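Work through the exercises below with the sequence and the model side by side, and try each task before reading its solution.

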Amino acid sequence: YAQNANLKLLDLPAGWTSTGPSSDSSVTSSTLSDSQATSVKSVFDTLPATCRVLDSTFDSSLVSGPPVGSIAQNQTQFTSASDGNAQISSTVAVFGNLHNSEGTFALYAAPTFPQCLQQFLEGTLTKIFDLTDVKVMVTRTPTASPPAGVLATGFTVSQSGTPVGSQANVSVSDEVVMQSGTAMAFVEAQSATTSVPADAQNVFGQSVSKVAHNLVPPPS
């Protein structure tokens, strides 16, 4: 189900290429060292209490792990040189029960999510990636009306920071998180610029719509 519901190269216009075969792994080991893991914990200790429920979710995202509580997933990623080297990635995950998928979606849809993610990224970019002059802005973005039976929430992350001895790096990402029954999808557009190029934005919107319709009906 996860593989069939996910975004495929044939769903994208000419000029986009796959960065590799889709991945079906639902288990990813942490790539953080002990000292980095300690630093991440120290970042969480500084966040408001309302953010603590996102601990494992943010940890998993930091190491590109599967959504917490999922039992199966499929990941795909595509890039376009003509769109400023923009990337679009999509993950479809299946949870063991409705309670877990609804609970995970609620974390992303919560009013406190943008501020929690912003503070988490500010801390990890400084402590884990040793960047200076770190600036992060996380804002809610409107999403197109999904098909019946699908819930959706979207946000944009703009960030910049300066590595030691290098020029400042900037990046922006738009993400839409969707849930239908026991299934969830995470579709994201990324660019190493201050805004996702207009053409890539259009492809991103089309990709979100395609995956949203693929989610229905969810697995039983």
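**Exercise 1.** Determine whether T124 is buried or exposed, and find what surrounds it.

Solution. Start with the relative accessible area, which for T124 is 1%; since buried means under 20%, exposed over 50% and partly exposed in between (1.4 Å probe, protein chains only), T124 counts as buried. Next, place the residue: T124 is found in helix α5, where helices are DSSP runs (H or I, at least four residues) and strands likewise (E, at least two), numbered from the N terminus. Finally, list its contacts (heavy atoms within 4.5 Å): leaving aside residues up to four places away in sequence, T124 touches V43, L62 and F129.

This is a predicted model, in which local features need pLDDT of at least 70 and side-chain atom pairs pLDDT 80 or more, while totals for chains, interfaces and linings use all residues. Residues are numbered from 1 along each chain as its sequence is written, and side-chain values use heavy atoms, with hydrogens and water left out.

**Exercise 2.** Locate the disulfide and describe its geometry and setting.

Solution. First, apply the criterion, a pair of cysteine sulfur atoms within 2.5 Å: C51 and C116 are joined, with an S to S distance of 2.0 Å, and the structure holds one such link. Second, read the angle about the S-S bond, which is -85 degrees and makes the link left-handed. Third, trace the chain: C51 lies in the loop between α2 (34–46) and α3 (55–62), whereas C116 belongs to helix α5 (residues 113–127), 65 residues apart. Last, check accessibility: C51 is buried at 1%, and C116 is buried at 1% relative accessibility.
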